[in-house]
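Reader: I should be grateful for a close reading of one part of this protein, set in the context of the whole. Please keep to what the coordinates themselves support.

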Amino acid sequence: MSEDMQSWLLPKEAGNQKCGFVAIVGRPNMGKSTLMNFMLGQKLSITSRKPQTTRHQILGIKTEDDLQIIFVDTPGLHKEKDKALNRYMNKTASEALRGVDLVLFLVDRTAWTEEDQIVLDKVKHASCPVILVVNKVDQLADKSSLLPQLGLLSEKMTFADIIPISAKTGRNVDALEETIRRYIPDGVHHFPEDQLTDRSSRFMVAEIVREKLMRNVGDEVPYGATVEIEEFRNDGTLLTISALILVERDGQKKIIIGDKGERMKTIGRDARLDIEKLFGCKVMLNLWVKVRRGWSDDERALRSLGYDHSE
């Protein structure tokens, strides 16, 4: 190969460009996905009030002129459970701490739990700065209780900074973003400036359906359910999608379908509207529910459904 050809194949010079990875970690239901969506200015990760809504590592890419920040949204780290799905989520969250330039460790106002300690024990081994982000401060009835809590939190480890925010309302998120920018190193951008995520369209659709499922059924069903996209076809004017909701028990299937199929219709309608907003076109969404017993504790089944660390 000629020197000219070798030179052409080399990455472009970084110049004044900055690019870095920022992992967002914390126990379940800390608002990690809500925070990333707010900073991106667009909904990317699904959210609900139920813990463990996020199951996969998702990259959210924010490019502003010469600065590119790649946020890594993770499942909530939680006490180890027997099921393979729980082990997958914990491993996914732990692996996000490797090779990043900054960690955002989210905690909840004045609460500190055993699962917070599990996360702390992980981030103590991170080879990069860690910012403690105290979320949901808008929900504090007694604002004066925050200051002493911040003092107690500061004693747990040497944080690069401690910043109270509300990811839901956006309170003080601008200050957090300004702090994040200071830790982004020089480097060429990894993604085109108009790319929002590393995930496929099929993955995004499956997540939207799962979000609507979690928001429309009780506490137990969502943890035994996942979504598989069987058809994804765009003819230029209409996007046709067929999605299979997999559950582990017959009773879960009945709950999702609902009386005369009403709950299933609601899930489908809500998902279709969000999918149309995401892709900017008309969508035909077909949903089915199928019982696949034990899928969440079957390593092989998990890999076939996209729960695979090798991807």
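What percentage of the 311 residues in the protein do buried residues make up? With that settled, please examine strand S5 and its surroundings: how does S5 pair, and which residues of S5 are buried?

Author: The model is a predicted one. Buried residues account for 50% of the 311 residues in the protein. The secondary structure comprises ten helices and nine strands. Of the contacts between residues at least 6 apart in sequence, 71% link residues at least 24 apart.

The setting of S5 is an open sheet of six strands, arranged in the order S2-S3-S1-S4-S5-S6 with mixed pairing. S2 and strand S6 (161-164) are the edge strands, each pairing on one side only. On average, and ignoring direction, neighbouring strands in this sheet are turned by 25° against each other.

S5 has S4 and S6 as its neighbours in that order. With S4, S5 pairs in the parallel sense over six bridges, and in this pairing Val 103 stands opposite Val 130 of S5. With S6, S5 also pairs in the parallel sense, over four bridges; the bridge partner of Val 134 in S6 is Pro 164. In general, strands of a sheet pair through backbone hydrogen bonds, either parallel or antiparallel.

The side chains of S5 point in two directions. Val 130, Leu 132 and Val 134 point one way from S5, while Ile 131, Val 133 and Asn 135 point the other way, and all are buried. Such an arrangement fits the general rule that side chains of a regular strand alternate between the two faces of the sheet. Because six of the six residues of S5 are buried, S5 is largely enclosed by the rest of the structure.

Part of that surrounding is helix H4. H4 lies across S1, S4 and S5, and runs at about 165° to S4. At the N-terminal end of H4, Thr 113 acts as a cap: a side-chain oxygen lies 3.3 Å from the backbone nitrogen of Glu 115. The buried residues of H4 are Glu 115, Asp 116, Val 119, Leu 120 and Val 123. They are on the same side of H4 because they cover an arc of only 145° around the axis. The general basis is that an α-helix has 3.6 residues a turn, so residues three or four places apart point the same way. These buried residues of H4 pack against S1, S4 and S5.

Val 123 of H4 shows the packing in detail. Leaving aside residues up to four places away in sequence, Val 123 touches Val 25, Leu 97, Val 103, Phe 105, Val 130 and Met 157. The largest nonpolar core has 28 residues, and those touching the most other members are Val 25, Val 103, Phe 105, Val 123, Val 130 and Val 134. Among the elements that give two or more residues to this core are strand S1 (18-26), strand S4 (102-108), helix H4 (114-123), strand S5 (130-135) and helix H5 (146-154). A second, separate core of 26 residues includes Met 30, Leu 44, Leu 67 and Leu 102. As a general tendency, nonpolar side chains of soluble globular proteins are buried together.

A charged residue elsewhere may be set beside this picture. Lys 212, in helix H7 (residues 201-216), is buried, with a relative accessible area of 7%. The side chains of Lys 212 and Asp 274 are joined by a polar contact of 2.8 Å. Beyond residues up to four places away in sequence, Lys 212 touches Lys 43, Ile 267, Asp 270, Ala 271 and Asp 274.

Conventions
Residues numbered from 1 in each chain as written. Predicted model: local features only at pLDDT ≥ 70, side-chain atom pairs only at ≥ 80, totals over all residues. Heavy atoms only, no water. Core = buried A, V, L, I, M, F, W, Y, C linked by side-chain atoms within 4.5 Å. Buried < 20%, exposed > 50% of the residue type's maximum accessible area, 1.4 Å probe, protein only. Contact = heavy atoms within 4.5 Å. Arc of directions from axis to C-beta. Polar contact = N/O pair within 3.5 Å; in protein donor to acceptor, adjacent residues only side chain to side chain. Pairing = 2+ DSSP bridges. Axes fitted to C-alpha atoms, helices over the stretch in contact; angles between N-to-C directions.
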